[in-house]
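Me: I'm new to this structure and would like a close look at one part of it. Could you take me through the disulfides, and then show me what else is worth seeing around them?

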Amino acid sequence: MKCEFLLLLLSWLWLWAAGGVVASNSLSSSGIGSDSGLSNVRIRRASVDVDNAAGQHSIIDLPDCQDLRKYCTHQKTSDNLSMLECALSFSSSQLEALPEPCQHALWLQQRQLQLNSWVEHTLLPSYCAAEQGKLQSCLNSVDLWGCLEDQRQQMPQSSTCQQHLRRAHAALGPDYANIGDFYTVCGSLVEQQKCGRMNVEHLPALLSQLGTVQCLMANVNPATPMDTNCKMAINAIELQRGMLELFRVCAEDLTALCPQERPGTASGYKCLVRHKNDPSLRSHCATQIALRDQQMGRDYRVSHGLAKACKDDIKLHHCRRGVSEDKQVRLAQILLCLESVSKNGTKLAPECLVELSDHRRMLMTDYQLSPELLSDCADDIPKFCPEQHKAHLVNGFTGSGGEIIHCLLEHVRARRAQHRVTSQCQRGLETLIKVSDAGEDWRVDPVLRRACKPVVDVACKDVEGGEARVISCLMERIGTPVMRPECEQALLIIEYFVARDFKLDPQLYKHCRDDAIKYCRAKRQWDDVQDVQMDPERGPLILPCLHRMAYSEDEHQTLHKDCFREVKRVMRQRAISVDLMPEVEDYCLSDLSQFCGEHTEKGSEMECLQNKLEKLQPECKTVVTKYTEEEAANVELNPVIMAVCTEAMQQHCSDILKAGTDNGNMMDCLISHKNDADLRKDLRCRAAIEHFQIISLKNYHFTTKFKEACRPYVSRHCAASATKNEVVACLSEVMRNDTIKAQRHQIPKDCRQQVKSQLYQQRESIALDPKLGNACKIELEQFCADQKGPGQVNKNELECLVQNTPRLGKACHHAIFMIKKSELGDSGTDYTLLNTCKEMVYKFCPNEESVKLLDCLKKYKDDSSFDQRCHLVVVNRMIEQNTDFRFNPSLQSACGKNIDRYCSNIVATAQPNEELNGKVSFLYQIFSKYT
């Protein structure tokens with residue numbers, strides 16, 4: 001069986017080198033051919049006479065060739081051609097027994113057969129004198145022996161010339177053309193070192209010169225530079241030798257695992273590679289494949305399929321980048337070059353694209369194909385991936401493929417420094433993701449493919465493959481019931497790297513390349529060896545720049561429509577995890593580790609950072625603040641709201657969805673409808689909205705419309721205010737004073753409306769007024785523990801506190817005083833009044849300004865059709881106004897001079913945040929005239 005297999009292997013390798021299976025018709029399949037300069041010397045043939053080359057002696061007369069007399073007695077003549085014929089029929093043991101000088105003489109004779117001089121001066125005069133004139137023309141032919149063979153076949157069988165031509169052609173061997181190239185470029189060196197050797201193992205094609213090459217490598221002085229073309233030829237033979245050894249060692253494995261494949265073929269090799277992690281693969285074969293992988297990583301020409309299929313593209317696009325043909329070129333360099341050509345719109349040969357795809361998958365399966373990982377991650381692999389590493393060392397495989405790579409990738413994302421791979425290992429992994437282009441095709445990564453296939457089969461089965469469409473589909477399914485944890489984990493690992501280089505997202509790169517070059521200093525070429533923009537330490541991050549441009553107010557700096565759409569998609573997808581926001585994650589690692597280690601749900605890490613904003617380190621606080629501003633302006637960046645409020649947005653805010661731009665409108669819309677009947681039942685959406693409202697209290701910049709309308713006036717009037725509520729209270733006081741003094745408002749209408757809107761939202765729930773909540777914490781527990789329902793008279797905590805004003809502690813009392821002062825001064829901020837009296841306002845005061853709604857409702861409170869619930873609220877507000885003249889702006893405006901004249905002593909000593917409670921009876925008399 002082994003013998004039959006070896007014969008079959010040899011026959012296929014013979015065809016391989018001849019161009020029938022894997023290699024091309026010359027050494028070009030390994031980088032040697034017309035593009036190597038070899039064609040320039042191919043025609044040049046040394047004119048060495050055979051007798052001179054053999055030392056002017058017949059081979060049989062050489063002292064070291066006496067064995068030929070013993071074994072070649074059947075030969076009718078003893079000329080050099082006959083001795084060569086005889087030696088070519090020897091068994092391996094007989095050839096090996098021949099002394100090296102004799103082998104060298106025979107090698108020289110076989111070489112002479114290809115020379116014009118031997119044909120012209122020996123063959124033709126001696127055996128073809130009559131035909132010499134006709135055959136002479138072949139001496140000028142490009143293919144000397146091809147021409148002679150054509151002429152021979154026209155001769156009669158009995159012709160002596162015909163017989164000698166046949167013998168000489170047979171002695172050349174079927175691969176004389178390929179071997180002739182080796183003779184041409186290395187012949188002089190072989191003669192000099194006397195290294196000509198016979199094909200002891202009867203190997204096919206170029207491998208017949210293996211013994212000669214081994215002698216040269218053993219005897220050539222390393223200090224003396226070898227001819228480049230000869231070195232290339234030797235490299236090609238060494239590469240083929242490795243493939244022969246692999247198929248020899250893996251013979252049984254190929255038969256068992258790949259019965260449909262033949263030894264020596266490219267498809268046979270690829271089949272073995274696909275099964276290299278199969279437990280049934282023998283360790284010797286696995287070792288041989290691993291060795292081949294390492295060689296391929298260092299020199300792409302080891303992969304004969306890639307070297308042949310992409311030969312023209314590699315040459316056309318200068319993928320060797322000036323490296324001489326005798327030097328090794330890393331597989332990664334070739335793949336990056338070819339991918340860059342493809343990404344920039346140039347079509348590669350179809351067979352090259354197939355090889356490119358195959359090798360990308362191979363890279364993600366076996367880390368040994370990447371020399372960078374072998375060296376840069378040498379210490380990280382046993383440290384962070386001991387189980388996978390041990391399995392690889394012991395068994396020669398790592399489970400199903402890709403486990404060590406994914407283990408390393410996972411430790412790039414680790415929060416704590418001691419759990420992260422070294423920086424050089426991270427750079428090697430970044431190169432791997434880029435070379436393999438794992439972000440383009442989900443099937444390239446074996447771990448991702450296995451983990452996500454069930455999800456793809458259900459949720460993305462109709463999505464067209466290519467250009468990361470399936471990966472985009474998977475990203476959209478995160479947080480949905482169809483997504484599986486193992487798929488999400490594998491997906492986010494790959495997207496971690498894609499998020500740090502916009503070129504790794506095919507759709508984004510395709511549609512935004514020109515804008516990125518124009519606005520964001522992006523490189524023009526997809527593959528740029530000087531491009532170091534993977535993280536903020538080494539260059540600009542393109543996506544955040546594109547996102548800023550997407551919402552630029554400068555009409556001369558706008559993105560193309562398709563780019564704008566892709567930027568929105570990518571930002572929405574990446575919002576699910578801080579890992580996918582390098583502009584945030586890279587500055588917040590320590591804070592994430594300290595505060596947010598347990599937050600793993602979709603979007604929860606960002607919520608955690610926002611909740612802990614005051615405690616974050618300065619750099620982290622800055623980037624989280626900036627991101628939260630963007631999130632407020634574009635609700636699609638809030639993955640929680642996008643996940644749970646989709647129906648609400650479609651129901652109540654469809655016009656904003658259709659417009660395609662947000663700028664804070666969507667959040668305002670959701671807030672305004674959160675107390676509608678449908679959202680009262682949708683607890684998840686309502687909770688998400690209220691959570692963002694609470695977050696927005698930390699900084700007025702987190703409320704887009706408020707920020708845009710009021711920023712200059714905050715700087716002017718409220719520079720010392722820290723939180724949004726403090727800013728709102730400050731601006732509200734300015735507005736109130738302007739109203740009382742009947743002077744022109746210092747705060748413009750747009751800002752005043754935003755202030756009133758914020759005050760209205762605060763009154764809905766104490767959760768939206770942390771200062772009040774802290775001041776009244778004890779009172780809330782003591783008097784209002786059961787008052788949780790918003791929007792009903794005496795059914796929320798704020799109303800409960802107001803009704804218990806006489807029983808409140810000092811701090812709580814002061815806080816409630818300021819709220820009553822605000823609400824009673826502007827009815828538009830009174831949440832309970834507006835919601836309880838909504839119908840009465842529509843009926844009796846439809847055209848009244850919101851600030852004067854209480855005054856209007858007072859007039860109609862005794863109407864027989866007036867709602868009793870609203871009547872109760874209005875009466876309560878009147879009672880509250882009667883406790884202090886400062887609760888009645890109309891009274892202050894109309895009677896300000898009288899109050900100053902008659903009650904100045906009491907007003908001067910009044911506490912700024914406590915009611916007078918009847919201490920100025922004259923004021924009540926005045927007040928009664930206005931009520």
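Reply: C138 and C147 are both buried. A disulfide joins the two, with an S to S distance of 2.0 Å. The torsion about their S-S bond is about -65°, so this disulfide is left-handed. Keep in mind as you look that the model is predicted.

Now go to C186 and C230, another disulfide, with sulfur atoms 2.1 Å apart. Here the torsion about the S-S bond is 115°, and the link is right-handed. C186 lies in helix α12 (residues 176-193) and C230 in helix α14 (residues 228-249), so the pair ties together parts that are 44 residues apart in sequence. Are these two cysteines buried or exposed? Both C186 and C230 are buried.

Next up is the pair C377 and C425, whose sulfur atoms sit 2.0 Å apart in a disulfide. With a torsion of about 100° around the S-S bond, this disulfide is right-handed, so says the sign of the angle. C377 is in the loop between α22 (371-376) and α23 (380-384), while C425 belongs to helix α26 (residues 423-436), so this link ties together parts 48 residues apart in sequence. Once more, C377 and C425 are both buried. How many disulfides does a search of the whole structure find? It finds 26.

While you're in this stretch of the chain, have a look at Y367, in the loop between α21 (350-365) and α22. Its relative accessibility is 8%, so Y367 counts as buried. The C-alpha atoms of Y367 and L429 are 9.6 Å apart, although 62 residues separate the two along the chain.

Further along, there's a helix pair to look at. Two packed helices are described by the angle between their axes and the distance between the axes. For helix α30 (residues 506-520) and helix α31 (residues 542-550), the angle is about 80° and the axes are 10 Å apart. That makes α30 and α31 roughly perpendicular to each other. On the α30 side, the residues that meet α31 are L508, C512, D515, A516, Y519 and C520, and their partners in α31 are I542, L543, C545, L546 and M549. Sorted by class, this contact has ten nonpolar residues, no polar ones and one charged one.

In the loop between α30 and α31 you'll find R521. Most residues other than glycine have a negative phi. R521, though, has a positive phi, near 60°. At 65% relative accessibility, R521 counts as exposed. N663 also has a positive phi, near 55°. You can find N663 in the loop between α39 (654-659) and α40 (665-673). With a relative accessibility of 34%, N663 counts as partly exposed.

Now step back to the whole protein. It has 56 helices and zero strands. Of its 931 residues, 54% are buried. If you take the contacts between residues at least 6 apart in sequence, 65% of them join residues at least 24 apart. As for the outside, the accessible surface comes to about 42400 Å², and 49% of that belongs to carbon and sulfur atoms.

Notes:
Residues numbered from 1 in each chain as written. Predicted model: local features only at pLDDT ≥ 70, side-chain atom pairs only at ≥ 80, totals over all residues. Heavy atoms only, no water. Axes fitted to C-alpha atoms, helices over the stretch in contact; angles between N-to-C directions. Helix = DSSP H or I, 4+ residues; strand = E, 2+ residues; numbered from the N terminus. Parallel < 35°, antiparallel > 145°, perpendicular 65-115°, else oblique. Contact = heavy atoms within 4.5 Å. Nonpolar A, V, L, I, M, F, W, Y, C, P; charged D, E, K, R; others polar. Disulfide = S-S within 2.5 Å. Buried < 20%, exposed > 50% of the residue type's maximum accessible area, 1.4 Å probe, protein only. Areas by Shrake-Rupley, 256 points an atom, 1.4 Å probe, with all protein chains shown as cover.
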